[in-house]
Structures are given as C-alpha cells and as structure tokens.
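Student: I should like to request a close look at a single part of this model, set in the context of the whole chain.

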Amino acid sequence: MARRPAPPSASTGSSLGTPSTAATAPRAARSPRGSSRGAAERRVDVREWASGIRLSAFSVIMLSLVVLGAWVLVPTLGTYIDQRQKIAALEHSIQGSEDEITALQKERERWNDPAYITTQARERLYYVKPGEVVYLIDNDLDPAALPQEQGPVSDTLEEKPSDWMPQLLRTLTSAGLSDTAVVAR
C-alpha cells in the first residue's frame, strides 16, 4: 500500500509559499540529541498514521476471507496430521505382524521336515529309537573345575611381584629331569 504524504498542519507553516521554521532550522537543532524538543517532535500522532492507511472494500473482503480460511483450516490440518500419525503407527504394526507371520511360516516349513522332527524329539523330549541306550549325565564337572564366584573388586591398585624367570627355569629343569610324566591338575 502506498502512503500518501501527510497534509500540512498549522504548526509547520501558514501558507504554501512560506517555509516552515522546522524545515529551515539547522540539522543539529532538529536532531533528538540536540535538544529536549527532539523527543516531542518525534512523537507520532496515531490519527495521522491511521488516516494514511487506505483499505478498499476488495482488500477488506480478501483479508476477511484469509482469516476465515485460517479459522476453518487450522483444526482440519490438526486432524489431518493426527490421522497421518495414526496411519504410520498402524503401518508399523502391520509390518511387525507380517514379519511374525513370515517367521511362523518358516517354522512350520521346518516342522514338515522329518529330520528336524527327529532331532527335536531327541533333544527336547529325550526320545530314542528302539534298541538305543541313552545315558544322561548330571553334574559331570568336578566341583573344583566349576567357576567360582568373583569376589568384590577393590578400589585400590595392587601390584603383585612377578619373578617369572626363575619359575620358568625351575619348570624346564624339573620337566627335563623327571623320569615319569606327571599329570597336571
């Protein structure tokens, strides 16, 4: 919108031919820092500003249509976004179900194989063929060989002396000089 110039007021000059004192005053006097009158001169009269705005009937109608369109479309847009999120969640759920269906179909195909059924019956149910003897061994490990529970970890760093060279020499000489083999435990 184009602004039209403000009409001359009584304070700027009484006629068109005489220049106003504000127009002929030096620039330093008109600056707001130059005097206390500068702040008063910079005030904007709201009535002058409002009279400079011109709205045609077409502009008012278009502005009201934009406001009405925003008022109608904002809730609709929110509903659309909410529905898109629900659709995405349902598609994700469908994809998970399809993956589960594929896994179950593969499982069913494995159960159609007689060799798979035989191995599952032997492992899960301990079935045997006629004439076979099955031995089940429980706790076949020596209690000393079982893993021990770990003690609490200390906060301090401890350095243990490790003199490995004499230990290596003792081991080599004892192994080389022994007459019988010793089974290490």
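Student: How many residues does helix H5 have, and what distance does it reach from its first C-alpha to its last?

Tutor: In this predicted model, helix H5 covers residues 57-111, a run of 55 residues. From first C-alpha to last, H5 reaches 80 Å, which is close to the 81 Å expected at 1.5 Å a residue. Helix H5 nevertheless contains a kink of about 30 degrees at Leu 73, shortly before the proline Pro 75.

The end of H5 at residue 111 leads to an aromatic contact. Trp 111 pairs with Tyr 116, and a search of the whole structure finds one aromatic pair. The arrangement is edge-to-face, with 5.1 Å centre to centre and 85 degrees between the planes. The two partners differ in accessibility: Trp 111 counts as partly exposed because its relative accessibility is 32%, whereas Tyr 116, at 17%, falls under the 20% limit and therefore counts as buried.

As for the context, the chain holds seven helices and zero strands. Of its 185 residues, 3% count as buried. The chain exposes about 18,100 Å², of which carbon and sulfur atoms supply 61%.

Finally, a word on confidence. The mean pLDDT of the chain is 78, with 75% of the residues at 70 or more. Over residues 12-32, however, the pLDDT is below 50, and this stretch has twelve contacts in the model beyond near neighbours in sequence. Where pLDDT is low, predicted coordinates should not be read in detail.

Key
Residues are numbered from 1 along each chain as its sequence is written. This is a predicted model: local features need pLDDT of at least 70, side-chain atom pairs count only at pLDDT 80 or more; totals for chains, interfaces and linings use all residues. Side-chain values use heavy atoms; hydrogens and water are left out. Helices (H or I, at least four residues) and strands (E, at least two) are DSSP runs, numbered from the N terminus. The expected span of a helix is 1.5 Å times one less than its number of residues. The bend at a residue is the angle between axes fitted to the seven residues ending there and the seven starting there. pLDDT is the predictor's confidence in each residue, from 0 to 100. Contact means heavy atoms within 4.5 Å. Rings of Phe, Tyr and Trp (its six-membered ring) pair if their centres lie within 6.5 Å; planes under 30 degrees apart count as stacked, over 60 as edge-to-face and the rest as tilted. Buried means under 20% relative accessible area, exposed over 50%, partly exposed in between (1.4 Å probe, protein chains only). Accessible areas come from the Shrake-Rupley method with a 1.4 Å probe; for residues, only the protein chains shown count as cover.
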